[in-house]
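Biologist: Could you take me through the disulfides of this protein? I would like to begin with the basics.

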Amino acid sequence: MKTDIRHAALIAIFSLTACIPSPSRQGGFRPPPESPERFARCVAMMRAEGSQVDALPDRRFDNGCSATSSVKLVAIGIPVTNLGAVKCTLAAPFARWVREDVPLEARRWLGGEVVRIESFGSFACRPVNNQAGNRLSEHGRANAIDIAAFRLRDGRRITVREGWNAQDGNVRGFLRALHKSACKRFGVVLGPEANALHHDHFHFDMGGGPYCR
């Protein structure tokens, strides 16, 4: 039985290239077309890696917004607040970032353990930067996540807004290390140095790129 479980997990992981976008030879991310089969493989892969997720029904709205091939993140190692629907091709690398990168950098820079991650949300039916006339935001496709803060077991709360240029070099190092690691996992990563609208959070999406700022 254990052999069968490991075999199933390996099959799911080797299906990664069919589920998760990768940089093209021209240097850009090309998200694969969605299909029920790709979505099922992505969900199976996430579960094989240890995530608890609920597959969600597709939703489409008249104004162009949608939440398709999406999951609800039930448990991915560290609780993340305020998340709704997340497209599976974003949820999979996000879960790895939460399980692998966040604990590693918290130990390295802060000597502590992150017990909660605070987000500004995922799905939101709005244009880019919430400015009328702009194209549809990746949030309007459930294809973006905004991360604002990290709560440690010892009570410390590290926010992107206050910590990015904090006097404490370890806090700065922690946030910059997480930003750098995110750039290896997501198509687009925006932080405080991208523009004033991102002064208080990290934005991750898989809608294009690679772009890291």
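Modeller: The following exchange concerns the disulfides of this model, which is a predicted one.

Biologist: What is a disulfide?

Modeller: A disulfide is a covalent bond between the sulfur atoms of two cysteines.

Biologist: How many disulfides does a search of the whole structure find?

Modeller: The search finds three disulfides. Counting the bonded cysteines along the chain, the pattern is 1-3, 2-4, 5-6.

Biologist: Which cysteine is joined to Cys 42?

Modeller: Cys 42 is joined to Cys 88, with an S to S distance of 2.2 Å. This pair links distant parts of the chain, since Cys 42 lies in helix α3 and Cys 88 in helix α4, 46 residues apart. The link is left-handed, with -95 degrees about the S-S bond.

Biologist: Is Cys 42 buried or exposed?

Modeller: Cys 42 counts as buried, because its relative accessibility is 2% and the limit for buried is under 20%. Cys 88 is also buried, with a relative accessible area of 2%.

Biologist: Let us change pair. Where are Cys 65 and Cys 125?

Modeller: Cys 65 is in the loop between β2 and β3, while Cys 125 is in the loop between β6 and β7. Their sulfur atoms are 1.9 Å apart. Cys 65 is buried at a relative accessible area of 2%, whereas Cys 125 is partly exposed at 39%.

Biologist: Why is the disulfide of Cys 183 and Cys 212 right-handed?

Modeller: The torsion about its S-S bond is about 65 degrees, so this disulfide is right-handed. Cys 183 belongs to helix α6 and Cys 212 to strand β11.

Terms used:
Residues numbered from 1 in each chain as written. Predicted model: local features only at pLDDT ≥ 70, side-chain atom pairs only at ≥ 80, totals over all residues. Heavy atoms only, no water. Disulfide = S-S within 2.5 Å. Helix = DSSP H or I, 4+ residues; strand = E, 2+ residues; numbered from the N terminus. Buried < 20%, exposed > 50% of the residue type's maximum accessible area, 1.4 Å probe, protein only.
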